[in-house]
Amino acid sequence: MLRIHFRDADLVRTRVADAPDPLWEIAVSLHRLQTRRGRYVHAAWYRMARRMLREKGLERAVRETLVPLYPRARYFPDFLTPGQAPGEAVTSFRDGAELLLAAPPRRVRREVGRLARTVGAPAWAPRLAETAERRDFVRLLRAYYEAVVAPWTDHMQARLEAERTARLRGLLHGGADGMLAGLAPAMHWRAPVLQVRYPAGVDRDLRLDGRGLTLVPSYFADDAPVSLADPELPPVLWYPVHHRQAPVPPDRGRPPEERLGALLGRARGAVLHAAAYGATTGELARATGVSASAASRHAGTLRDAGLITTVRDGSSVLHTLTPAGAAVLRASGASGATGAVPARRAGDGSRPAGPAPGPPRCGCGAGGQQTVKESALSFLELPT
C-alpha cells in the first residue's frame with residue numbers, strides 16, 4: 001500500500017496531465033511486451049509493434065538493452081522516467097530525453113545499483129552514468145518510441161482526454177474530494193490520505209508537504225499505479241486508464257474509401273485518400289474520377305478543415321496530408337495512412353526514425369551480457 005499524505009496546499013496544486021508522458025509510456029509499453037496479461041485489449045498495438053520492431057531492426061536491442069533496464073518487476077530506475085518541477089508533467093520526448101541526459105551521474109549509479117540488488121542489472125548498466133553512454137541510449141529510446149509508441153499517439157490521447165473529462169466532472173461536482181474519490185478502485189480517497197493499491201509486500205508513505213501531486217493517466221499500464229521510488233523527487237503518480245473492454249474496431253468488411261465516404265462524402269473521402277502520398281490537382285481528379293475543378297473544390301474544403309495542406313510545386317500545386325488528415329485515414333484503416341505523415345505531437349522534437357541506430361556503447365550489441373527470460377520475448381510470438 002502507498003499512502004499519499006495531502007495538506008490543503010497540496011489539494012490546490014494537484015492536477016491531471018494533459019498529454020501522455022512519452023518516457024513513461026516507453027517503460028510500460030516495454031512491460032506489455034514482457035507479458036501476455038491483458039493482451040486482448042492491445043492486440044492491434046501488439047501486431048503493429050512486432051512488425052515495426054522487425055522492420056526497423058530493433059528486436060535485438062529491445063531484448064538485450066531495454067528489457068533488462070525496464071523489467072516488469074517491483075523496481076526500475078527513476079532516472080529513466082524523469083519528472084519536471086512540481087505540477088509539471090513531461091509531455092514530449094525531447095523534454096524527457098533532455099531530463100534523462102541531465103540526471104546527475106551519482107544518482108544514475110545509485111539507482112542502477114538498486115536495480116542490481118533488487119532485480120538484477122546488466123554488467124554494462126553502470127556506464128550509463130557517463131553522458132556519452134546515455135546519449136547512445138537515448139538514440140535507442142528515440143528509435144523505439146518512433147517505431148512503436150508514437151504511431152499510437154492518437155489512441156493514447158483520446159483515452160487520456162476521456163479520463164481527464166471524468167476527473168473534471170468529479171472536480172466540478174465535488175471539488176478536489178470528488179476528483180480524487182473518482183480514482184477508485186485502484187485508489188481510495190480518505191481525506192487527507194490517498195491510499196493507492198501497490199504490489200504485495202510494498203508499504204510506504206509519501207508526504208507531499210505542499211508540493212502538490214501530478215496525476216498522469218497511462219495508456220499502456222495495466223497494473224497498480226506507480227510513483228517514483230525517491231520521495232525527494234517531484235511527486236508524480238502514473239495510473240492506468242480503464243480498458244474495461246477491447247475497443248470496437250471499424251467495419252473492416254468495407255473498403256476504407258467507403259467508410260470515409262460515409263463521413264465526408266464519397267468524392268471528398270476519395271480525395272483525402274488520394275492525397276496520402278501527395279498528389280497534384282490533376283492527379284486527384286484522375287484518381288477520384290471527377291473534373292479538375294471539382295477536385296480543386298474538394299481539396300479546398302479539406303484544406304479549410306485542416307486535413308490537407310497545399311503548396312506550389314512548379315507550375316502545379318501539391319496536396320499532402322496534415323497530421324489531422326493522416327489521423328483520419330489511420331482511423332478508417334486506409335493503407336496509405338501510416339506512411340503519409342508520421343504520428344507525433346507538435347513540438348516533441350521527433351523525426352522519422354530511419355535506419356535503426358547502431359548499438360549504444362552501453363553494451364547492447366553482440367557483446368551484451370544480459371540473459372533475458374523467455375517471457376521478455378513474448379512479443380515475437382504474436383500471431384499475424
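## Helix H3 and its buried side

Which residues of H3 are buried? In this predicted model, they are Trp45, Tyr46, Met48, Ala49, Arg50, Met52 and Leu53. If the spacing of those numbers looks familiar, here's a handy rule: an α-helix has 3.6 residues a turn, so residues three or four places apart point the same way.

What sits on top of them? The cover over the buried residues of H3 includes helix H2 (22-32), helix H4 (59-69) and helix H7 (131-149).

## Checking the length

H3 runs over residues 43-55, which makes 13 residues. At 1.5 Å a residue, H3 should span 18 Å, and its end C-alpha atoms are 19 Å apart, so the two agree. Just past the end of H3, glycine 57 takes a positive phi of about 65°.

## How H3 meets H7

Now look at H3 next to H7. The two helices pack at an angle of about 135°, and their axes are 8 Å apart. Oblique is the word for H3 against H7, because of that angle.

On the H3 side, the contact uses Trp45, Met48, Ala49, Met52 and Leu53, while H7 brings Tyr144, Ala147 and Val148. Sorted by type, the residues of this contact are eight nonpolar, no polar and no charged. Pick out valine 148: beyond its neighbours within four places in sequence, Val148 is in contact with Trp45, Met48, Ala49, Met52 and Leu53.

## The bigger core

Trp45, Tyr144 and Val148 turn up again among the residues with the most contacts inside the largest nonpolar core, which has 58 residues. Elements giving two or more residues to this core include H2, H3, H4 and H7. H7 supplies the largest share, ten residues. Apart from this core lies another, of 19 residues, with Trp189 and Leu215 among them.

Conventions
Residues are numbered from 1 along each chain as its sequence is written. This is a predicted model: local features need pLDDT of at least 70, side-chain atom pairs count only at pLDDT 80 or more; totals for chains, interfaces and linings use all residues. Side-chain values use heavy atoms; hydrogens and water are left out. Helices (H or I, at least four residues) and strands (E, at least two) are DSSP runs, numbered from the N terminus. The expected span of a helix is 1.5 Å times one less than its number of residues. Buried means under 20% relative accessible area, exposed over 50%, partly exposed in between (1.4 Å probe, protein chains only). Contact means heavy atoms within 4.5 Å. A nonpolar core is a set of buried Ala, Val, Leu, Ile, Met, Phe, Trp, Tyr and Cys residues joined through side-chain atoms within 4.5 Å. Axes are lines fitted to C-alpha atoms, for helices over the stretch in contact, and angles run from 0 to 180 degrees between N-to-C directions. Angles under 35 degrees count as roughly parallel, over 145 as roughly antiparallel, 65 to 115 as roughly perpendicular and the rest as oblique. Ala, Val, Leu, Ile, Met, Phe, Trp, Tyr, Cys and Pro count as nonpolar, Asp, Glu, Lys and Arg as charged, and the others, Gly among them, as polar.
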